[in-house]
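Biologist: Before any label is accepted, I should like to see the structure and hear the criterion behind each term.

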Amino acid sequence: MKLYKIKKTPIDKKGLGLVAACDIKKGTKIINYIGNIITKKQTEENPKFDNSKPIYLFNLNSRYDLDGDVSWNTARLINHSCSNNCDYDGKGLKLWVTAIKDIKKGEEITCDYGFGYDSDYKQFPCNCRSKNCAGYIVREGSRWRINKKFRKIKRN
Ligand SMILES: [Zn+2]
C-alpha cells in the first residue's frame, strides 16, 4: 500500500503535494526519490542547473548527482515547510523521503528544501503557514538571518 496520496494543497496554490494516506511512524521510508543519475560534469555543463537553488538536484557523492526533475519522480511534488515532517535520506545512489516525526493521516508530507541564505532569498516565498514559518524558503540553520524570531535560538 502506498503511504501517500497526490493532492492539491494550500502550500502550493497552483500545484500538487503529497498527503499521508494513513498514520505514518517516525523513521518510515515514505517514498523513493528517483531521477536521472548524472555526473558532476553533466551538472556543470547543463544550463538547467545554472540557478543557484536547483530544487530537484541532489548531491549523491563526489562523482554523481541526482536530477529529480523528471515526470516519473512523484517525490518531486513534495512541498517545503518550515516545520517539515520529513527529510531526504540517502544511501549509496538511493535517496528516500523519510518521516522525521509521526505523521497523521491527511497531513501534508513536507521537507526542508535546504536553500542557503543569499541576497535573492525573496524569490522563494514560503506559504507553509506553520508557526515557525520564516516567510521564505531558507534552510533551518539560516532562518535567523531573515527573521528576528529565530534569533533567540543560541547558535554555536
Ligand atoms: Zn514556511
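The discussion below takes up strand pairing, the nonpolar cores and one loop residue.

Modeller: This is a predicted model, in which local features need pLDDT of at least 70, side-chain atom pairs count only at pLDDT 80 or more, and totals for chains, interfaces and linings use all residues. Residues are numbered from 1 along each chain as its sequence is written.

Biologist: How do you know that strand S8 and strand S9 are joined?

Modeller: Strands are DSSP runs of E with at least two residues, numbered from the N terminus. Two of them pair if DSSP finds at least two bridges between them. S8 (residues 86-91) and S9 (residues 94-99) run antiparallel and share 6 bridges, therefore they satisfy the criterion of at least two. Lys91 stands opposite Lys94 in S9. The hairpin of S8 and S9 has 2 residues between the strands, and Gly92 there takes a positive phi near 60 degrees.

Biologist: What joins S3 to S9?

Modeller: The join consists of 3 bridges, and the two strands run antiparallel. Lys29 stands opposite Thr98 in S9. The result is an open sheet of 3 strands in the order S3-S9-S8, with antiparallel pairing.

Biologist: Why do S3 and S8 stand at the edges?

Modeller: Each has a single partner strand, so one side of S3 (29-32) and one side of S8 are left without a neighbour in the sheet. Neighbouring strands of this sheet are turned by 35 degrees against each other on average, direction ignored; the axes are lines fitted to C-alpha atoms, and angles between N-to-C directions run from 0 to 180 degrees.

Biologist: What makes a set of residues a nonpolar core?

Modeller: Such a core is a set of buried Ala, Val, Leu, Ile, Met, Phe, Trp, Tyr and Cys residues joined through C-beta atoms within 7 Å. The largest has 17 residues, and those with the most contacts inside it include Tyr4, Ile31 and Val97. S9 gives the most to this core, with 3 residues. A second, separate core of 7 residues includes Cys82 and Cys128.

Biologist: Why is Ile11 called partly exposed?

Modeller: A residue is buried if 20 or more other C-beta atoms, placed from the backbone, lie within 10 Å of its own, exposed if 12 or fewer, and partly exposed in between. Ile11 has 18 within 10 Å, and is therefore partly exposed. Its place is in the loop between strand S1 (4-8) and S2.

Biologist: How far apart are Ile11 and His80 in sequence and in space?

Modeller: They are 69 residues apart in sequence and 8.1 Å apart in space, C-alpha to C-alpha.

Terms used: Helix = DSSP H or I, 4+ residues; strand = E, 2+ residues; numbered from the N terminus.
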